[in-house]
Amino acid sequence: MQKKRTHMVGELADEALIGKTVVLAGWVGRRRDLGGLVFIDLRDRSGIVQVVFNPETSPLAHSAAEKLGSEDVVCVSGVVVRRPPGARNLTIPTGKVDVAAEFLEVLSKSKTPPFYITENLDVDETLRLKYRYLDLRRPDMQRNMIFRHRLTMAVRNFLDSQGFVEVETPMFIKSTPEGARDYVVPSRVNPGRFFALPQSPQLFKQLLMVSGFDRYFQLARCFRDEDLRADRQPEFTQIDIEMSFVERDDVLTLIEAMVTDCMEKTLGTSVEKPFLRMSYAEAMERYGSDKPDIRFGMEIIDIGDIVKNCGFRVFQGAIEAGGKVAAIVAPGCSDFSRQQIKDLEEVVKGFGAAGLMSVAVSCGGEGEQTLSSQLSKFLTEDELRGIAKVTAAENGDLILIVAGARNVVLESLGRLRLHLGAKLDLIPQDQMAFLWVTEFPLFEFSQEEQRIVAVHHPFTSPLEEDLDLMETDPLSVRANIYDLVLNGVELGSGSIRIHRRDVQERVFRALGLGEEEAREKFGFLLEAFEYGAPPHGGIAIGFDRLAMLFAGRKTIRDVIAFPKTQKAVCPLTGAPGVISEEQLNELHIQVVDMGKIGTSGDPELP
RNA sequence: GGAGGCGUGGUGUAGCUGGUCUAACAUACCUGCCUGUCACGCAGGAGAUCGCGGGUUCGAAUCCCGUCGCUUCCGCCA
């Protein structure tokens, strides 16, 4: 570069610079060639500024500017001038000034880009990912990445200020049983052996507690070979935290302080502390979800008491079988057509419900409610009115009822609630609704494996008061688990760990793990615990999701510089690729089913 | 593994109840004109065998089957 850059373009919003000569460098945005005058929008990561090329100022610069194309990289010098009245652009921060170019050097020509380098781009995401370096040139993506950086710094600064030590843990680790599918790396020097990439640094952070690191954190890369979603990538980042000599509320208080501090530092907004807390059981009863979106109401209401003796087989049968009849109220939906209600029924059926009953509440004059429903064939008028009363349905509302097994009723109504919340636009988009969900069950029964498995992980501490149930009724033992939920998204999950040997053994026994098997699988951790393990607990916060929600995005791909597609492919680099026969041999690996090798991602493949 | 949506010039879309579709519109691109534009304007031009394969038909962007890719969701994610 011939000239040394003196300013970022965004700095020119400061009118004190008027009259000064500046040297700028950046990319050419739009060019407006008026024949005599040429305007360009010069862009760097601080913003854009308009540069004017006037042949009277510099014929040389002007004629060079006539040949500029989109995304050429240029160096411009000139005087910052106040724009003539009426020519100001108040929609951009630098809109009151121009740079009157005296000198222009093209540092690098650009091919015509495959899409516009502009905000609010609507273009196929594969194309964005293939040209991610151009996509990341767009101002909104630059803002996202810079925002993520700020959030990273806020997290690190906060935790540092609280005496936390960031420790890096290995990426090549031993595969541990349970949990997600591992990404696996073959070992060249150990034929037939494989490393796993960490699903989280769980065991290492507990070892660090044994080592006396008291307060550990890490912005940790984690890897899980599971199918992708808008908020799930195969590699992702967690704010991983572990603390010694703490109880649950110490962790919750710390995280509340961290999250609100980060919010203030990055968004400049605050939110009330402490966050709302709710037991898992309550979350399920009221919202049919272990991660309720509490930005809106429409809670689930049990109507079992009203219909338990109604004689309608579907309702009564559900209750007699130990199930449930419950409802939600869709506000202002009493005029839903049969087809619209059928569509809602499809939603609950998708989650196992047998069907959906509805009661439309309308005004019958004289303040009377008219209830119309296919249920009037089966229920008495009093029973229908009873339902309207406990659900507090008002004129114009539609009561939606599901009967069946408890978890099916709750989950399907919970999903229907979310569906309607979005459809009816009931969810305030500008709110940050944090929530702690606590007291999860310690175990659940895995239908697939036909055995009891840990809900969180096998080192999660049971609640003291439920210890007695461990042998008699393990599935109702509650754990000292806490999930942080933000706007219906699971942000993080943590627990107080077991540090007592006897408790750990009882948990293993409940999981059907013999002493020998436990040694084999987690031996190093158990052994470590025999050398003085402090009571400890921690949490891991999904950093990408936090960044996504704070940045107001709908997918974590928007806050990850180089994300993967839903098939876990990188359209930019073509990863994952095939490797040579030599590489395979060196790794002692044979590809069994060559016929299954797909072509997605890899441009080298046929 | 399953369900839905999408796939048409570089980009975003229209066309999709089969026949002047010899594929339209906008924008980007090229050429020319233009001294206050800022999504500059005006005039002209080039650019797509409609994701791919097969079938039905005299005739397919359009109908059918298969397949690939992207995406949302279910399963899965200690």
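The following paragraphs describe a strand and its pairing partners, the surroundings of an RNA strand, a buried arginine and two cysteines in a predicted model.

Residues are numbered from 1 along each chain as its sequence is written, and chains are lettered from A and ligands numbered from 1 in the order in which they are written. Because this is a predicted model, local features need pLDDT of at least 70 and side-chain atom pairs count only at pLDDT 80 or more, while totals for chains, interfaces and linings use all residues; side-chain values use heavy atoms, with hydrogens and water left out.

It is convenient to begin with strand E2, which spans residues 38–44. Helices (H or I, at least four residues) and strands (E, at least two) are DSSP runs, numbered from the N terminus. Of the 7 residues in E2, 7 are buried, where buried means under 20% relative accessible area, exposed over 50% and partly exposed in between, with a 1.4 Å probe and protein chains only. In a regular strand the side chains alternate between the two faces of the sheet. Accordingly, Val-38, Ile-40, Leu-42 and Asp-44 point one way from E2, whereas Phe-39, Asp-41 and Arg-43 point the other way.

On one side of the pairing scheme, E2 and strand E1 (residues 21–33) are antiparallel and share 5 bridges; two strands pair if DSSP finds at least two bridges between them. Asp-33 has Val-38 of E2 as its bridge partner. The hairpin of E1 and E2 has 4 residues between the strands, and within this hairpin Gly-35 adopts a positive phi near 90°. Strand E3 (residues 47–53) also runs antiparallel to E2, through 7 bridges. Here Ile-40 is bridged to Val-51 of E3, and the hairpin formed by E2 and E3 has 2 residues between the strands.

Asp-33 appears again around RNA strand B, where it is among the closest residues, together with Glu-56, Ala-87, His-456 and Arg-557. In total, 49 residues surround this RNA strand, a residue being near a molecule or strand if one of its heavy atoms lies within 4 Å of it. Of the RNA atoms that come within 4 Å of the protein, 53% belong to sugar and phosphate. By class, the surface near RNA strand B has 14 nonpolar, 16 polar and 19 charged residues; Ala, Val, Leu, Ile, Met, Phe, Trp, Tyr, Cys and Pro count as nonpolar, Asp, Glu, Lys and Arg as charged, and the others, Gly among them, as polar.

Individual atom pairs add detail. A polar side-chain atom of Gln-50 lies 2.7 Å from a base oxygen of RNA strand B, and an N or O atom in the side chain of Arg-232 is 2.7 Å from a base nitrogen. For His-457, a backbone N or O atom is 3.0 Å from a sugar or linking oxygen of the RNA.

Arg-232 is also one of the residues in contact (heavy atoms within 4.5 Å) with Arg-545. Arg-545 is located in helix H16 (residues 543–550) and counts as buried because its relative accessibility is 18%. A polar atom of the Arg-545 side chain lies 3.1 Å from the backbone oxygen of Asp-231.

Finally, the structure holds 0 disulfides, a disulfide being a pair of cysteine sulfur atoms within 2.5 Å. For Cys-363, the closest cysteine sulfur is that of Cys-333, 17 Å away and so too far for a bond. Cys-333 is buried, with a relative accessible area of 1%, whereas Cys-363 counts as exposed at 54% relative accessibility.

Conventions: A polar contact is a pair of N or O atoms within 3.5 Å; within protein, one must be able to donate a hydrogen and the other to accept it, and residues adjacent in sequence count only if both atoms are side-chain atoms. Lists of a residue's contacts leave out its neighbours within four places in sequence.
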